[in-house]
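User: I am new to this structure and would like a close look at one part of it. Please take the aromatic ring pairs, then follow the charged side chains around them.

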Amino acid sequence: MSRFIKHVGIIMDGNGRWAQLRGLPRYEGHKRGVEKVKEIIRSAIRLNIDVLTFYAFSIENWQRPKKEVEIIMDLLQNHLRKETQTFISQGVRFKMIGNRDMIPKNILNVIEETESATSECKELIAQFAISYGGRDEIIRAVKKIIINNTVPEKVDEDFFSSMLDTAGIPEPDLIIRTSGEQRISNFLVWQSAYSEFYFSQTLWPDFTEEEFTEAILDFQKRQRRFGKVSEFTRP
Ligand code: IPE
Ligand code: IPE
Ligand code: MG
């Protein structure tokens, strides 16, 4: 399978609705959501996928009630602390993409510790988009380019990509969004130019390995043309 699909992005949406449907507080949905991340990582390793990007917390999500933000940050921090050893034993390299300046210092420390502890892992790259906005990532790249006094001739698409948080990572072949919403919500705005999309009605805490595999199989049936015509099309 790895020949066809290298990178899958996942917009993990629907945690709040999952909890509300059960009369539970929203954070219960986030808790369940974290468990699903582990399941999908295991499944991606089995399917020989090289990179998974989980949209965990958008730059816009900072505008949620303070209490919810705190709970999400705590869950994230605990998850990383608890999972570091498992990441290492599974060969999972953890990497964060997003705006580091906006993340509280204690949380950022845990993120960076996990990044360095897993930096040599080679089985799968698990990118977590935290405090992430595609537009923010582009603006930060532009600023880097200006600060470095880059000459215009040097700026092409490959160069620009290398200035993004995802430098060196292949673009997502497939982006899955759960919970029935059909929008990108500022996820991998530059990198998704030619991604395929898979929208699922399932709320993220109910998402399963089976459905993940189904999305991959669905992707493999698609024909990607990248603006060209298919080899087999008659003129
Ligand atoms: C996704 O679930 C997780 C985050 C955005 C952090 P939501 O919290 O957006 O859940 P819904 O969309 O309100 O159901
Ligand atoms: C997108 O979900 C962000 C994450 C899944 C982390 P949101 O729930 O924040 O997106 P909108 O508000 O429905 O677009
Ligand atoms: Mg949502």
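What follows is a walk through the ring pairs and then the charged side chains.

Analyst: Keep in mind that this is a predicted model. Let us begin with the rings.

A search of the whole structure turns up eleven aromatic pairs. Take Y55 and Y132. Their ring centres lie 6.0 Å apart, and their planes stand at 85 degrees. That angle is over 60 degrees, so the pair counts as edge-to-face. Where do Y55 and Y132 lie? Y55 belongs to strand β2, residues 51-58. Y132 belongs to strand β4, residues 124-132. The two are 77 residues apart in sequence, so this pair ties together separate parts of the chain.

Are these two tyrosines buried or exposed? Y55 has a relative accessibility of 6%, so it is buried. Y132 is at 0%, and it is buried too. The cut-off for buried is under 20%.

Now move to F57 and W62. Their ring centres are 4.8 Å apart. Their planes meet at 75 degrees, so this pair is edge-to-face as well. The two residues differ in cover. F57 is buried, with a relative accessible area of 1%. W62 is partly exposed, at 21%. There is also a ring cluster. Ring pairs join F54, F87, F94 and F128.

Next come the charges. Side chains of opposite charge can pair when their charged atoms come close. In this model the count comes to 22 salt bridges.

Start with K36 and E39. Their closest N and O atoms are 3.2 Å apart. Both residues sit in helix α2, residues 26-46. They are three residues apart, about one turn of the helix. Both K36 and E39 are buried.

K67 and E70 make a salt bridge too, at 3.6 Å from N to O. Their home is helix α3, residues 66-90. Here again the partners are three residues apart, so about one helical turn separates them. Their cover is another matter. K67 is exposed, with a relative accessible area of 55%. E70 is partly exposed, at 36%.

E115 and R100 form a salt bridge with closest N and O atoms 2.9 Å apart. This pair links distant parts of the chain, 15 residues apart. E115 is in helix α4, residues 105-117. R100 is in the loop between β3 (92-97) and α4. E115 has 15% relative accessibility, so it counts as buried. R100 has 26%, so it counts as partly exposed.

Salt bridges also build a network here. It links D13, R17, R177, E181 and R183.

One glycine deserves a stop. G14 lies in the loop between β1 (7-11) and α1 (15-21). With a relative accessibility of 3%, G14 is buried. Along the chain, G14 and D206 are 192 residues apart. Their C-alpha atoms are separated by 9.3 Å.

Last, the surface. Which residues form a negative patch? They are D156, E157, D158 and E171. E171 is placed in the loop between α6 (157-162) and β5 (174-177). Its relative accessible area is 41%, so E171 is partly exposed. That value also passes the cut-off for patch residues, which is over 30%.

Definitions and conventions: Residues are numbered from 1 along each chain as its sequence is written. Chains are lettered from A and ligands numbered from 1 in the order in which they are written. This is a predicted model: local features need pLDDT of at least 70, side-chain atom pairs count only at pLDDT 80 or more; totals for chains, interfaces and linings use all residues. Side-chain values use heavy atoms; hydrogens and water are left out. Patches are made of residues with over 30% relative accessible area and no salt bridge: like charges are joined within 9 Å, nonpolar side chains (Val, Leu, Ile, Met, Phe, Trp, Tyr) within 5 Å. Accessible areas come from the Shrake-Rupley method with a 1.4 Å probe; for residues, only the protein chains shown count as cover. A salt bridge is a side-chain nitrogen of Lys or Arg within 4 Å of a carboxyl oxygen of Asp or Glu. Lys and Arg count as positive and Asp and Glu as negative; His and the chain ends are not counted. The place of a charge is taken as NZ of Lys, CZ of Arg, CG of Asp or CD of Glu. Helices (H or I, at least four residues) and strands (E, at least two) are DSSP runs, numbered from the N terminus. Buried means under 20% relative accessible area, exposed over 50%, partly exposed in between (1.4 Å probe, protein chains only). Rings of Phe, Tyr and Trp (its six-membered ring) pair if their centres lie within 6.5 Å; planes under 30 degrees apart count as stacked, over 60 as edge-to-face and the rest as tilted.
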